[in-house]
Structure formats: C-alpha cells, structure tokens
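Visitor: I would like a close look at a single part of this model, the metal site and the aromatic contacts around the strands that serve it. Please take it slowly and give the cut-offs as you go.

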Amino acid sequence: MKKMRRRPAHVEPRTAEQIKIMREAGRLVALVHSEVQKAIKPGVTTADLDVLAEQVIRENGAIPSFKGYHGFPASICASINNELVHGIPSPKRVLKEGDIISVDTGTIYKGWQGDGAWTYPVGEISEEAQRLLAVTRDALYAGIGAVKAGKPLMQVSAAIQQYVESHGLSVVREYTGHGIGRNMHEPPEILHYVNMAHPDSYLILQSGMTFALEPMVNVGGWETRVLSDGWTVVTGDDSLSAHFEHTLLVTESGAEILTRL
Ligand code: MG
C-alpha cells in the first residue's frame, strides 16, 4: 500500500489589511443572502434568484466568483430538495410550496473572496425538512464553536459529525470545506467528518487563518451522485439534503464569522 502523506497543508495567516477586505467580501455574501431570502416564494424561478444575486454583488463593487468558475454559468448555485449543491439556476426551475432550496454564492472584492450557503424553506415545509434545516445549521455552528487557535482541524470535523449523527442524519463526505483567500478554494481541505488518514486533519489552527466550513447533511445516507448536466449533485437515495456555509477567520479566542451583515 502507498504510504499516506502525513504533513498537513501549509496555510499562511492573513494580514490585518487582508482581513479588512475579506470582511467586506463576506458582508456582501451575507447581503446577497438577505436579498435572495426575501425573494424566495412559490412561483419564483431559480434564474430570478440568480439575476438578483448578481445585481447585488455588482452594485456593491464586487464580482460573482462562481460565474465562469470551471465553466459554471451563474452567480449562485440553486439546489432544490434532494439536490445538495451545484444546481444550475434556470427559468424552468419554479419554486413550489414545501420545497427547500440551498443557495450558495461567492464574491470577489478587491481580489479577496467570500463564500456562503444557506438552505431556505419555500412557504410551509414538512416537519422532516424543518428538522433537517435546523440540524444542518446547528452542525455548522457546532463546527464554528470548535474552532480554536492551537487545536487541530480534526476537532472541527469531529464536532460537526458528532452533532449530525447524534440527530440520526448523515453528513456528506464527498464535498468538503476549504481554505479561502485570494482563491475560492485553497488548502486545507476541511472534512465535515473524522478521517485520521487525511493529512489536513492534523493542521494546527492559527489566528489569522481564513476558511469556509460548509456541512451538507442528508436525511438518508451520505452518498451522492452527479446528474448528467455534469454539475448538479443529488443524494444517492434521493433523500432531502441541506447545506449551510460560513467563511470564518480564526481569532485568538475562537472564530469570527466573515459572511454576516
Ligand atoms: Mg465553499
């Protein structure tokens, strides 16, 4: 068997000036979410939400980081019900009462990035869906609560997995959180479950590091598959899925959420 690399990724802490700019990139991500949330209702299409998101980003002097990323055609990912992530906005996708929709978006402001996702109810949703949204959101906050300078990254992964599984749901393994800075996706790779064989599990958190934590949680199993459009990721068993993400700064006392108003 091949010997596994044991060294975690090298991650540079940000300077005070860079952090100031990333706070603004993150604030714009939160602003997009607050505007998109207001627009979500039965009858609205995912293309409508994308147009709105792009408008908010550009009006505020930022660039939508998703648009053109590996050829992705839009400023948000809009993923409905059994779709986890990377759903392509379309005028044909009309929101219906009882749906859940995960909106993921990213901004580039003065060369620095913010990234954030949230799952929203469309009108009245089932009790199962309500519970899924609450557990996924709280799993993200459990992970944020475990961020501590001087501690290994796996502590964050463990907090998320433990929270999700103690509620009888599954955390997705095939998509991970990530470092973020000048690029949307930078080292380290941040698992939302414990894998002691992954070198980045041993990365020691340091004040000034910035990363995006983004658990995706399924009502059924954790397995996923990609649809024939080459983008949309759905749950393997077509169960409901939710996705919550914040961009974070590691501080002396814990974590600061950058993607907030
Ligand atoms: Mg992300």
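Guide: What follows goes from the metal site to the aromatic pairs. The model is a predicted one, in which local features need pLDDT of at least 70 and side-chain atom pairs count only at pLDDT 80 or more, whereas totals for chains, interfaces and linings use all residues. Residues are numbered from 1 along each chain as its sequence is written, and side-chain values use heavy atoms, with hydrogens and water left out.

The magnesium ion has as its protein donors Asp115 (OD), His178 (NE2), Glu214 (OE) and Glu245 (OE), which lie 2.0 to 2.3 Å from the ion; donors here are N, O and S atoms within 2.8 Å of the metal (3.2 Å for Na, K and Ca), and since water is not among the atoms, sites may look incomplete. Along the sequence these donor residues follow the spacing D-x62-H-x35-E-x30-E. Aspartate 115, in strand β5, and glutamate 214, in the loop between β9 (210-213) and β10 (216-218), are 99 residues apart, so this pair links distant parts of the chain, where strands (E, at least two residues) and helices (H or I, at least four) are DSSP runs numbered from the N terminus. Aspartate 115 counts as buried because its relative accessibility is 2%, and glutamate 214, at 6%, counts as buried too; the term means under 20% relative accessible area, with exposed over 50% and partly exposed in between (1.4 Å probe, protein chains only).

Strand β5 (residues 112-121) also holds tryptophan 118, and phenylalanine 244 lies in the loop between β13 (241-243) and β14 (246-250), so their pairing ties together parts that are 126 residues apart in sequence. The ring centres of tryptophan 118 and phenylalanine 244 are 4.6 Å apart and their planes stand at 70°, which is why the pair is edge-to-face; rings of Phe, Tyr and Trp (its six-membered ring) pair if their centres lie within 6.5 Å, and planes under 30 degrees apart count as stacked, over 60 as edge-to-face and the rest as tilted. Phenylalanine 244 is buried at 2%, whereas tryptophan 118, at 22%, counts as partly exposed.

A search of the whole structure finds two aromatic pairs. Phenylalanine 72 and tryptophan 231 form an edge-to-face pair, 5.0 Å from centre to centre with 80° between the planes. Phenylalanine 72 is buried, with a relative accessible area of 3%, while tryptophan 231 counts as partly exposed at 23%.
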